[in-house]
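The exercises below concern helices, their burial and the way they pack against one another. Work through each task with the sequence and the coordinates at hand before reading its solution.

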Amino acid sequence: MKTIGLASDHAGFPIKEYVKNLLISRGIDVKDYGTYSLDSCDYPDFGHALARGMEDGDCQIGIAVCGSGEGISMTLNKHAIIRAALVWMPEIAALARQHNDANVLVMPGRFVSEEQARQIVDTFLETPYEGGRHQRRIEKIPL
C-alpha cells in the first residue's frame with residue numbers, strides 16, 4: 001500500500017483522526033497535513049497542503065474531510081493531478097474509483113459516522129480503476 005495523505009479542517013478533524021488511527025492500526029503509512037485540533041481553521045490551507053504533498057510524491061492517495069466535504073473538494077480539484085471525489089456512501093466510493101480513477105477521497109465530516117467512514121474508506125482503497133472507456137474521459141479533465 002502506498003502512503004496515504006490526510007487533511008481536514010476543524011469540522012472534519014474527528015473523522016480524519018478516526019481514519020488516521022484506522023489506517024495506522026492496519027500498518028498503512030500516513031502523512032497528516034492537518035489540521036491537528038478542533039480549533040477553527042480554513043480548509044484551503046490543509047487541502048492545498050495535501051495536494052502539494054501528492055504533487056511532490058510524498059503520498060500517492062489522499063483522504064480529506066471538512067464539514068460538508070464541498071470546500072476541501074473544490075480546493076483539492078484546483079490542482080491538475082488531483083481527482084477528488086466527494087463521497088458519502090460506499091457505492092459512490094466504488095464508482096469514483098472504477099469510473100473516475102479518483103485519487104483523493106473526500107468525506108463530509110458532519111454527515112458520516114465513524115462506521116460509515118470505515119466502509120467508505122475500505123471501498124475506496126479496495127476498488128480498482130476499470131480503465132477502458134473511462135480513460136478518454138479522464139484525459140479530458142485537465143485544462
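**Exercise 1.** In this predicted model, find which residues T75 touches once its neighbours within four places in sequence are left aside, and decide whether T75 is buried or exposed.

*Solution.* With those sequence neighbours set aside, the contacts of T75 are Y43, P44, G47 and H48. T75 itself is located in helix α3. Its relative accessibility is 8%, and because residues under 20% are classed as buried, T75 counts as buried.

**Exercise 2.** Check whether the length of helix α2, residues 43-55, agrees or disagrees with the expected span, and then identify its buried residues and the elements against which they pack.

*Solution.* Helix α2 has 13 residues, and at 1.5 Å a residue it should span 18 Å. Its end C-alpha atoms lie 18 Å apart, so the two values agree. The residues of α2 that are buried are F46, G47, A49, L50, A51, G53 and M54. As a general point, an α-helix has 3.6 residues a turn, so residues three or four places apart point the same way. The packing partners of the buried residues of α2 are the elements β1 (4-8), β3 (61-66), α3 (70-76) and β5 (104-108). After α2 comes G57, which has a positive phi, near 85°.

**Exercise 3.** Describe how helix α1, residues 13-25, packs on helix α5, residues 114-126, giving the distance and the angle between their axes and the residues that meet.

*Solution.* The two axes come within 10 Å of each other and cross at roughly 55°. That angle makes α1 oblique to α5, and the crossing of α1 past α5 is right-handed. On the α1 side the contact involves I15, Y18, V19, L22 and L23, which meet E114, A117, R118, V121 and L125 of α5. Sorted by class, the residues of this contact comprise eight nonpolar, no polar and two charged.

**Exercise 4.** Carry out the analysis for helix α4, residues 90-100, and α5, starting from the angle and distance between their axes.

*Solution.* The axes of α4 and α5 come within 8 Å and cross at roughly 20°. Because angles under 35 degrees count as roughly parallel, α4 is roughly parallel to α5, and their crossing is right-handed. From α4 the contact draws on P90, A93, A94 and R97, and from α5 on Q119, I120, T123 and F124. By class, the contact of α4 with α5 consists of five nonpolar, two polar and one charged residues.

Terms used: Residues are numbered from 1 along each chain as its sequence is written. This is a predicted model: local features need pLDDT of at least 70, side-chain atom pairs count only at pLDDT 80 or more; totals for chains, interfaces and linings use all residues. Side-chain values use heavy atoms; hydrogens and water are left out. Helices (H or I, at least four residues) and strands (E, at least two) are DSSP runs, numbered from the N terminus. The expected span of a helix is 1.5 Å times one less than its number of residues. Buried means under 20% relative accessible area, exposed over 50%, partly exposed in between (1.4 Å probe, protein chains only). Contact means heavy atoms within 4.5 Å. Axes are lines fitted to C-alpha atoms, for helices over the stretch in contact, and angles run from 0 to 180 degrees between N-to-C directions. Angles under 35 degrees count as roughly parallel, over 145 as roughly antiparallel, 65 to 115 as roughly perpendicular and the rest as oblique. A crossing is left-handed if the near helix is turned anticlockwise from the far one by less than a right angle, and right-handed if clockwise. Ala, Val, Leu, Ile, Met, Phe, Trp, Tyr, Cys and Pro count as nonpolar, Asp, Glu, Lys and Arg as charged, and the others, Gly among them, as polar.
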